[in-house]
Amino acid sequence: MRISVVTIFPTYFSGPLDVGLIKRAIDAGILTVDLHDIRDHGLGKHRQVDDTPYGGGAGMVMRVEPLFATLEPLAGSHRVLMSPAGRPLDQATVDRLATVDHLTLVCGRYEGIDQRVIDACIDEEISIGDYVLAGGEAAALVVIEAVTRLLPGVVGNPDSVAHESFRDGLLEEPVYTKPAEYRGLRVPEVLLSGDHARIQAWREEQRRLRTRERRPDLWERFVAGSDS
Ligand code: JF5
């Protein structure tokens, strides 16, 4: 898979792409990431990429010319704009993006991007959550990491990828490892019992309790789904 990143801060990605799972995927030839600096197509001596908004208002808007020039050679890829106004990212979206041959992630900055860029050069807008970042770079890294761990050959055991969080729309149960007691903090007795049926029942219960408490949105869907 190829992921192209369109940004005014290509160096932002140096550290994160050079460690752990993503580095392994790149070294194994499973993933290629290329960085495209919008400022290479900036205007004038100062290589300007933004300007004041028509109609007035605070802040700056990313101009069309540098973004068109950067995105034109990436036509044919699936072009995603990271934006707080996008569709919320979820695992189903990650699964879908991981099937694409060539993904382009466009990182916005300033107050936004001239709408003509979005209309002409963007296939979908994706948000990583309801908060505002200084730019889309951190959001693009989230997508890169979530997609990379799904690519064939990246994670040793494909079952451990498929069978995990959100497998049936519930949160995961709490987990413990050795020692059985640390400074008086004990591992729940059931997990030491060796009684597999009891352990299974306890885990299921913990998943439901957690989901109901922390994620009423997921709980509603789970309850609705189990009686339809
Ligand atoms: C951005 C204009 C993009 O802030 C974000 C973001 C939040 N959730 N998902 C993405 O992206 C940066 C800021 C302003 C466009």
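**Close-up views of a predicted model**

**View 1. Helices α9 and α10 are oblique to each other.** Their axes cross at roughly 125° and come within 6 Å, and the rest of the scale has angles under 35 degrees as roughly parallel, over 145 as roughly antiparallel and 65 to 115 as roughly perpendicular. Axes are lines fitted to C-alpha atoms over the stretch in contact, with angles from 0 to 180 degrees between N-to-C directions. Helix α9 covers residues 196-214 and helix α10 residues 216-226; helices are DSSP runs (H or I, at least four residues) and strands are E runs of at least two, numbered from the N terminus. Look for Arg208, Thr211, Arg212, Glu213 and Arg214 of α9 meeting Pro216, Leu218, Trp219 and Phe222 of α10 (contact means heavy atoms within 4.5 Å).

This is a predicted model: local features need pLDDT of at least 70, side-chain atom pairs count only at pLDDT 80 or more, and totals for chains, interfaces and linings use all residues. Residues are numbered from 1 along each chain as its sequence is written, and side-chain values use heavy atoms, leaving out hydrogens and water.

**View 2. Here is the ligand with its surroundings.** The ligand is surrounded by 15 residues, and Ile128, Gly129, Tyr131, Leu133 and Gly135 are the closest (near means a heavy atom within 4 Å). Nitrogen atoms of the ligand also make polar contacts, which are pairs of N or O atoms within 3.5 Å. For a backbone N or O atom of Ile128 the distance is 2.9 Å, for a polar backbone atom of Gly129 it is 3.2 Å, and for a side-chain N or O atom of Ser127 it is 3.5 Å.

**View 3. Two loops have backbone features to spot.** Most residues other than glycine have a negative phi, and most peptide bonds are trans. Arg47 is not a glycine, yet its phi is positive, about 50°; find Arg47 in the loop between β2 (32-37) and β3 (50-51). Lys178 and Pro179 are joined by a cis peptide bond with omega of about 5°, and Pro179 sits in the loop between α7 (158-162) and β9 (181-182).

Definitions and conventions. A polar contact is a pair of N or O atoms within 3.5 Å; within protein, one must be able to donate a hydrogen and the other to accept it, and residues adjacent in sequence count only if both atoms are side-chain atoms.
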